[in-house]
Each structure stands twice: as C-alpha cells, then as structure tokens.
Amino acid sequence: MALRLYNTLSAKVEEFQPLDHGRVRMYACGPTVYDYGHIGNFRTFVAVDLLCRFLRQSGYDVRYVMNITDVDDKIIRNSARDGVTVQRYTAKYEKAFLEDSATLNIEPPTFVRATEHIPEMADFIARLQEKGIAYRTDDGSYYFRIAKFPAYGKLSKKDFAGMEDGARVDVDEYEKDSARDFALWKAPKPGEASWDTSIGPGRPGWHIECSVMSMEKLGPSFDLHAGGEDLIFPHHENEIAQSEALTGKQFARFWFHVRFLLVEGEKMSKSLGNFFTIRDLVLKGHKPSSIRWLLASVPYRNQLNFTFDGLKSAASSVEKLRNFRFRLTSAQFPAGANPAMTQLAGETIERMKGALDDDLNTAQAQAAIFDMVRSANAALDRGEVRKDDAQPLLAVLDKLDEIFGVLKDDDQPKMKAILDWARAEGREKDISPELLEIAGSSQLSDGDVNQKMSKMEAARKARDFKTSDALRAELVSAGIIVENTKEGVRWRRK
RNA sequence: GGCGCGGUAGCCAAGUGGUAAGGCCGAGGUCUGCAAAACCUCUAUCGUGAGUUCGAUUCUCACCCGCGCCUCCA
C-alpha cells in the first residue's frame, strides 16, 4: 500500500507519488525568529518531521528544505525596542529554535534564510514586473497584481471574482491598484532594515522568500509544501500566485497543513495564561520525549488538546515502551524461536505501516505498537519468548522509533541543558523541583550506581533486606529506578 | 456574515452502515521478602432531536456547544 495524504489543494486524500521516482522534494514554512517557539509551532514542526521520517522509511530519498524568516515587521519592531541589530536579534532566537528542535528530536532539514536571498528576491520581482504581473508604486514598493492570476484562491477555496475593490482598503497601505494586491517588496522606512537591490532599496514582503528559496532549492515544481493551517491564506495562496504566474508551471503539488492545537481545551494565548514554549514545559519538569509523544499522538489534521494530564500520560506511555525494550535487551532467553513472536512482529510492522500510509494516522500506529507490547510482555511473563525472538521484536520498536523518536533516553542531558540556560537567563524562579530532581540524577555516575547495585544484590542474596532496602532507597532518592526481576536486577534513570 | 472542522468512557484519543482501537488514571487480582516492572479482570451504546435503512455512533436534516480561516498567529 502506498502513502495516501490529504492535499489541501484538491481538498481530498490522494495517493502520494513524487514527480521523480523514488525522490521527494519538500519544503516547509519554518519559524519567524522573533521569540522562543511555543508548542503550537512545534506541533507543526513535529508533524512535518514525522512526515519526512515516514517518507524516508518508505524508501524515498527526501530533500527537505525549511526556511527561517529572519526579517519581518515583528523582528524589526522588537530589535528596535531592544536596541540591537536585526541580525543580532534574530541570531538569538534562531539558535533557540535549533536547540528546541533538537530537544524534540526533530531531524534537521536544510535551512534557508530570508536575509541570505535578498538579491534573488529582487530578481524574482523584477521578472514579475517584466511580465506585467508586478507593479511599482510611487514610494518604491512593489505589489502583485492579483487580476493577472485568475487561479487566485484555488488553495484557500476563496472566490475573489465577485469582490469589489475598494471595499476594505487599508488606509495604512500604499497606493495599491486593488485592495487584494499584496506586497512583494516594501519601500524603506526610516530606522528600518533595508537592502539596496536591483529594484531599489527596501525589504522583502512576507511571501516572496518562500517562492524564491523553495524554487531555488527544489526547482519550479516540487512535491510537497507544508506548514500550519493558518498559512493557507494568505501566505501559501500568495506563494502559488507569485510562483505560478512567473513560471507558468505548477508550484507545489501536495499541500500539507497541520491543524492548530488547543491547550487545556482553549486556544493558546498569552492572555489566557496557557501559552507555553518548549522551555517552559521542561522547566516545569516535563520530559522532551513526553512532549514529542503527545504532539505526535494525534493525527496532524485533528485538533489536539494539549493538557498537562496528557503530558503525564505521554510520559507513562513512553516509559512503558522503554521498559519493554529494556526488558528485551537485558534478559537472557532460552535458545530457539517462538513462531508466534515472529508472526506478532511481522503483523505489527504491517499495522504500523498501514496506519501511517493512511494519511499519517499516528494514533493507530501507536495503538499497534501497544498491542504488540502487551502481547509480548504477556509471552515474556509466561516464559514463551526465546533467544531469537528478541531481535525481531526490537526491530519493530526501532522501526516505530524511526518515526516517533522517543525511545532513546536522552531526556536527562537535554533537561540539564535547559536548566543551565534558565540559570544563565536569570529564570531561577521558574525552575521546578521536578526538573531539579530529574536533571540532578546525573550526580551519581553509572559506576557509582552499578557499585551500589551490586552491594544491594549481595545483601538481598544474603537475605539482609534491611541493608538492601536502604541501598535501594538511597538510589531511588537519587533519581534511579531499581528493578529486581526474575530476569535479573536492572536500573535506569528517572 | 462567507468557507471549513469537530463534539466518542474520569482524562487524552482512533474508528466503522451490523452493537466501539490504543494510552493514562482508578478498582480488584496474579507474580514478588518488599518495592518496581509486567500480566489478568472491570469501567462508554458514541452532543440533542428527527429522518433514511432490516439495522446508524458511522448517511441526511435541524438544533446546541467548541474550534479554525476570512487582518504577516504554526
């Protein structure tokens, strides 16, 4: 079965086939680096990451480009407020974005920056002007003439034919021929960042960067264009207009839009006090893997209700998977193989692939893995798992994790890094005891832990439970989880 | 007002014209020196009303509620 994806352009679920056999070219609208990214931003980026990972797992060679918008109104406003250059201002938040992406195990795409493509944008606009599609106003701004692109509205399903010009002219705008015409290039204003270019001084409009950079990296027609649902209009509609008006070719073929999330059942907003960055959540003691799992647990086209109960639940779910993996890798099994386990592994792989092929139904993929884990754990309890069964079962987990990216336990160092950042930023008051507990579990080295573990085991063998319990309590208070199982003793960090 | 999405167990959340995945939490039990982990059992008739149908949670209509876009917010 092949991947079927919802395409905003056709408003249908379609079978996905790239233009070039075996090769996918995709572009995603990335962040505007004017502040720390919030969980809403990262829902989108995680969803696109899942898509990219699944395409790769499905055998495609994926070229994935993401833009970083490092010049826009908010950036100009905020950098002026802080009295720093635009460059310096955006550098801080771009770094934060890259760190947060890494925290969430988002595989880095090829990044492109708006400010590094200013001459190309000017050239693009000049060519639009040559074709009579763009026009210059007296102040030196350039606009896109929507009347020249009859297909305008095809992505957002808006009908502009009957709209009267002038009904809603924004008085702040310059002299546009039509109210719907959008800015390609903004004339310089005093105190604002400006570039001298072939079409005159100024700065790019919002949409032009994505047309220019995506086509430069991926060609005039490419397979997938992704972003948050809010970008459908006007951003992506305008990208299509600019690009297709210039090249006469179809721009992106599939449009992938990720739905907004809610927080505790309400729209996230600063005024409601339910606005969270990744760092805010980690400071509260939540693990990056919990955040990622929760964000990935609801299919991208559904509204996701992001709650703190949900985060705790996600933490337990990830824990369950990690425990299962731990159990398979740490125990000794009798030689041989159990055909039931081989079959279970095979069926689960099929179920996961089938779920993800179905417009990235991550919820069903997760259900498939949990079904397998339960069955396999039950078989383990009954002693029905043989030596040769471990590998195929672990392979299923690996396959799952190629997409979901939560099994490797590197939460602790990531949280420690954010703890250090908070201290450097003077945010001590936001550091929770939970974070300190987890980040602090590194105080005991692996060697220390192993030493105490063997002492504890010796005491247990001698049935000196008082001593062994005391050692265990000591380890537990240091953030170590100790398990004495039939298959042997083992430990891990909280 | 225009266009669109959704309302499923305490919470999160899939799904289907033939009586409902998965996760978390809770209760009871098994295992265990204890703890942890794990396993087993239990917990929903799918917003409300009407219609179509042999049969609807799944289709249609109405209503109520929530959400999104229509203003450079992912």
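Colleague: How many bridges join strand S16 to strand S17, and do the two run parallel or antiparallel?

Modeller: In this predicted model, strand S16 (residues 480-485) and strand S17 (residues 488-493) run antiparallel and are joined by six bridges. The two strands form a hairpin, with two residues between them. Glu483 stands opposite Arg490 in S17.

Colleague: Into which domains is chain A divided?

Modeller: Chain A is divided into domain 1 (4-258), domain 2 (263-404) and domain 3 (444-494). The C-alpha centres of domain 1 and domain 3 are 55 Å apart.

Colleague: How should one begin to read a pocket, and how much space lies in the second largest pocket?

Modeller: The general idea is that rolling a probe the size of a water molecule over the atoms shows where empty space is left. In the present case, the second largest pocket holds about 910 Å³ of space.

Colleague: Which residues lie nearest the centre of the second largest pocket?

Modeller: Tyr34, His38, Asn41, Asp230 and Phe260 lie nearest the centre, out of 38 residues that line this pocket. The lining draws at least three residues from domain 1 (4-258) and at least three from domain 2 (263-404).

Colleague: Which helix supplies the largest share of that lining, and what is the character of the lining residues?

Modeller: Helix H1 supplies the largest share of the lining of the second largest pocket, with five residues. Helix H1 (39-57), helix H3 (86-103) and strand S11 (222-228) each contribute at least two residues. By character, the lining divides into 16 nonpolar, 13 polar and nine charged residues.

Colleague: How many residues surround RNA strand B, and which are the closest?

Modeller: RNA strand B is surrounded by 57 residues, the closest being Lys74, Lys186, Gly228, Ser317 and Arg472. Of the RNA atoms that come within 4 Å of the protein, 65% belong to sugar and phosphate. The residues of the surface near the strand divide into 18 nonpolar, 19 polar and 20 charged. Helix H11 (residues 362-381) gives the most to this surface, with nine residues.

Colleague: Which part of RNA strand B lies 2.6 Å from a polar side-chain atom of Asp469?

Modeller: That part is a base nitrogen of RNA strand B. Two further side chains may be read alongside Asp469. An N or O atom in the side chain of Gln303 is 2.6 Å from a sugar or linking oxygen of RNA strand B. For Arg327, a polar side-chain atom lies 3.3 Å from a sugar or linking oxygen of the strand.

Key:
Residues are numbered from 1 along each chain as its sequence is written. Chains are lettered from A and ligands numbered from 1 in the order in which they are written. This is a predicted model: local features need pLDDT of at least 70, side-chain atom pairs count only at pLDDT 80 or more; totals for chains, interfaces and linings use all residues. Side-chain values use heavy atoms; hydrogens and water are left out. Domain bounds come from an automatic or database domain assignment. On a 1 Å grid over the protein atoms alone, a cavity is a set of points where a 1.4 Å probe fits but cannot get out, and a pocket is an open set with protein on both sides within 12 Å along at least five of seven lines; lining residues have an atom within 4 Å of a point. Grid points are joined across faces, edges and corners, and a volume is the space filled by probe spheres set on the points. Helices (H or I, at least four residues) and strands (E, at least two) are DSSP runs, numbered from the N terminus. Ala, Val, Leu, Ile, Met, Phe, Trp, Tyr, Cys and Pro count as nonpolar, Asp, Glu, Lys and Arg as charged, and the others, Gly among them, as polar. A residue is near a molecule or strand if one of its heavy atoms lies within 4 Å of it. A polar contact is a pair of N or O atoms within 3.5 Å; within protein, one must be able to donate a hydrogen and the other to accept it, and residues adjacent in sequence count only if both atoms are side-chain atoms. Two strands pair if DSSP finds at least two bridges between them.
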